[in-house]
Amino acid sequence: MFESYLRNVFEKAPLIHCITNYVTINDVANVLLACGGSPIMADDGEDAVEITSICNGLVINIGTLNNCTIPTMFNTGKRANELSHPVILDPVGVGASKIRTDVTFKLLEEVKFSVIRGNISEIKTIYQGTGRTKGVDADASDAVTEKHLDETIAWAKQLSHNTGAIIAITGAIDIVTDANTTYIIRNGHPMMSKVSGTGCMLAAVIAAYCAANPDNHLEATATAVCVMGLAGELAYDRLVKNDGGTSSYRTYLIDAISKLDAETLKGGMKIESR
Amino acid sequence: MFESYLRNVFEKAPLIHCITNYVTINDVANVLLACGGSPIMADDGEDAVEITSICNGLVINIGTLNNCTIPTMFNTGKRANELSHPVILDPVGVGASKIRTDVTFKLLEEVKFSVIRGNISEIKTIYQGTGRTKGVDADASDAVTEKHLDETIAWAKQLSHNTGAIIAITGAIDIVTDANTTYIIRNGHPMMSKVSGTGCMLAAVIAAYCAANPDNHLEATATAVCVMGLAGELAYDRLVKNDGGTSSYRTYLIDAISKLDAETLKGGMKIESR
Amino acid sequence: MFESYLRNVFEKAPLIHCITNYVTINDVANVLLACGGSPIMADDGEDAVEITSICNGLVINIGTLNNCTIPTMFNTGKRANELSHPVILDPVGVGASKIRTDVTFKLLEEVKFSVIRGNISEIKTIYQGTGRTKGVDADASDAVTEKHLDETIAWAKQLSHNTGAIIAITGAIDIVTDANTTYIIRNGHPMMSKVSGTGCMLAAVIAAYCAANPDNHLEATATAVCVMGLAGELAYDRLVKNDGGTSSYRTYLIDAISKLDAETLKGGMKIESR
């Protein structure tokens with residue numbers, strides 16, 4: 001089943017509009033090409049709504065939000081909703097500043113998101129309606145462990161119920177859930193946290209998977225999370241052989257996504273449903 | 001002949017001012033260093049015109065145009081014209097939104113461009129005075145094939161006549177033409193379309209080649225197109241040996257440009273004139 | 001002694017707020033992760049001051065300054081001063097345009113910098129109170145040579161005295177000085193000038209080293225300069241083995257920083273004090 005979602009992305013080559021931070025925007029563009037999609041970036045008020053209209057999905061990443069891009073996030077989100085395009089929210093650093101928190105909650109009121117992807121601290125901030133995240137990385141004290149897994153799934157399901165969005169919490173253990181069904185994914189490698197933007201990249205890959213698999217957003221999202229995690233494992237294997245560091249790892253990660261076929265994905269997914 | 005244009009870039013190290021999209025801006029900077037030039041980026045109203053004045057050439061790439069950068073494109077373009085610097089237009093996504101189309105046509109009225117570089121869909125939009133491009137990639141139905149080659153050259157020549165600019169249409173077959181002479185280039189590799197920004201990079205390389213070869217813009221542009229295409233071939237050879245993916249390919253592409261010497265270029269160019 | 005500064009960065013993982021140009025911002029983020037720190041980027045007026053407050057250090061790089069980010073540089077700089085965070089100035093292209101020069105001198109009046117890092121042309125512009133730099137690269141005629149070394153150190157010390165900041169002049173020979181003590185560093189490789197942003201990356205690494213070593217900013221800065229230079233040498237060794245070009249070199253440079261341990265640093269530092 002899951003591997004067919006990968007094939008659909010390569011076959012349909014969905015065009016994904018990204019309003020994303022300019023720190024990792026190039027990796028986001030390249031990872032979209034690597035996974036079988038196609039990127040387009042536009043965040044100017046006049047330009048962006050039209051661009052959304054010719055696309056198949058939208059990513060809103062608030063990593064370097066500013067006065068120009070904030071209104072664009074709302075306008076493109078609403079336009080994508082009208083067109084029934086999947087819209088993915090990546091609430092980078094929500095809880096770390098008032099404006100990030102305010103924009104996130106206002107977006108959740110005015111735009112219907114298909115998926116919200118964040119680290120545990122970000123998603124917890126959204127669930128609790130308030131929070132103090134440490135920056136753009138998850139707080140170690142928040143980490144999803146086997147011990148807190150059931151508890152985390154319970155509030156993630158509740159958040160999905162409240163927002164109508166699939167919730168994707170990514171970290172050492174990944175959780176992808178709607179109000180009913182949860183996927184727990186144990187792919188990935190700690191080295192991924194040493195590359196800036198693996199979360200941003202994943203949000204874009206999720207958008208491509210949802211756009212190419214419109215009838216199964218939950219499973220498409222879970223597959224995208226597996227793709228990124230498995231690529232992180234394959235990249236690490238290659239890193240060890242080549243004696244590289246964090247920048248080689250970044251290259252190998254995107255390489256692995258570009259080379260991943262359905263067979264390898266099927267054999268490498270570490271996923272269970274609850 | 002052509003190889004001397006390469007030598008001139010390395011000898012003169014022209015300083016190229018780029019007003020370019022922030023998706024691929026880092027690759028643009030690095031490819032300019034790789035090809036023998038030197039990059040400087042500035043798009044603030046007050047800053048940019050002064051920066052243009054100390055440079056040897058200007059690239060205007062509309063990929064992520066916005067309210068701040070649009071006036072800067074006009075002001076720097078006019079200043080570069082006053083100084084007789086080569087000015088290259090890369091009309092990314094023209095036809096995909098009203099503002100991209102409007103800005104492109106207004107730029108063509110107010111700034112004299114030495115070269116306009118785009119994919120076939122973008123250049124066709126400019127020629128027809130209107131168009132609906134699919135995004136930032138060429139529409140497959142527009143692709144330049146051997147069958148349509150003569151026809152494409154005919155209207156590209158006409159567009160060069162109308163605008164006074166050299167027209168560079170890049171894709172599987174590249175066309176570089178002024179109103180009289182056309183170069184057809186068959187270097188390159190399909191893998192180049194899996195890296196974001198190869199077109200943006202080429203526009204910057206063209207600027208460096210024109211700045212370093214002021215008396216032969218047409219041949220300098222054709223050479224730059226060969227350099228990029230041949231680098232794409234050399235990068236692919238290396239990719240196969242190293243079993244890499246799309247991100248390694250990006251690295252190898254810029255590597256190949258940095259290592260390309262006049263001899264290799266001479267031996268590898270697939271160019272004919274008509 | 002010096003190697004303990006490296007260990008402190010990996011142990012404390014300081015969070016560094018960067019207001020930096022969007023040309024090399026991704027490399028700056030990744031080099032911070034590689035050296036043991038953690039990056040966060042924010043330059044919007046409302047967002048940035050709050051983000052500074054949760055960080056351990058601040059970098060102000062004027063490479064692509066604009067009307068939105070200039071006020072943010074002042075506000076975050078003052079906030080970081082209130083919190084006694086180290087603040088690093090990277091005056092990219094000061095002297096190349098009026099606004100770059102004006103902003104730099106106004107920042108020096110209103111913000112207390114721990115370290116000012118630039119190439120010789122940029123730092124000379126600041127010392128002389130005026131200047132015409134050639135762009136963002138040092139003018140060859142300014143190059144620090146053994147012959148001018150004593151003279152350069154003398155005015156760099158004076159500039160440190162005038163500004164209260166440590167002065168880091170980087171090039172073939174690096175000088176790190178306060179009003180009393182000077183370190184001369186001969187690590188590095190000419191190939192580093194073929195990668196865009198090695199200076200920007202170094203400014204961020206200096207910030208991480210100062211934040212993790214609050215009692216020894218001078219030695220921490222000198223160590224950071226050695227780390228970058230030694231990484232440049234190690235990257236070159238690897239480049240030769242792998243027959244790569246400038247883009248591989250960029251990857252190897254960040255790789256080398258991520259893999260550098262205290263032992264290798266101790267053995268490889270080419271540093272003397274005067």
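I185(A) sits opposite I271(A), a residue of strand β9(A). Strand β8 of chain A, residues 182–185, is joined to β9(A) by three bridges, and the two run antiparallel. Keep in mind as you look around that this is a predicted model.

**The sheet in chain A**
- Zooming out from that pair, chain A has an open sheet of nine strands with mixed pairing, in the order β2-β1-β3-β4-β5-β6-β7-β8-β9.
- Its edge strands are β2 (38–41) and β9 (271–273) of chain A, each of which pairs on one side only.
- From one strand to the next, the twist averages 20 degrees.

**Where chain B touches chain A**
- Here 28 residues of chain B are in contact with 27 residues of chain A.
- On the chain B side, the elements that give two or more residues are α2 (25–35), α5 (98–110) and α10 (246–259) of chain B.
- Helix α10(B) provides the largest share of that side, with five residues.
- By residue type, the chain B side divides into 14 polar, seven nonpolar and seven charged residues.

**How the copies are arranged**
- A turn of 120 degrees, with a shift of 0.0 Å along the axis, lays chain A on chain C with an RMSD of 0.0 Å.
- That is the relation of a three-fold axis.
- If you want a landmark in chain A, try Y22(A): its C-alpha is the one nearest the axis, 3.9 Å from it.
- The copies meet through different surfaces, because only 11% of the interface residues of chain A are also interface residues in chain C.

How values were computed: Residues are numbered from 1 along each chain as its sequence is written. Chains are lettered from A and ligands numbered from 1 in the order in which they are written. This is a predicted model: local features need pLDDT of at least 70, side-chain atom pairs count only at pLDDT 80 or more; totals for chains, interfaces and linings use all residues. Two strands pair if DSSP finds at least two bridges between them. Helices (H or I, at least four residues) and strands (E, at least two) are DSSP runs, numbered from the N terminus. Axes are lines fitted to C-alpha atoms, for helices over the stretch in contact, and angles run from 0 to 180 degrees between N-to-C directions. Two residues are in contact if their C-beta atoms, placed from the backbone, lie within 7 Å. Ala, Val, Leu, Ile, Met, Phe, Trp, Tyr, Cys and Pro count as nonpolar, Asp, Glu, Lys and Arg as charged, and the others, Gly among them, as polar. Copies are superposed by least squares on the C-alpha atoms of residues with pLDDT of at least 70 in both.
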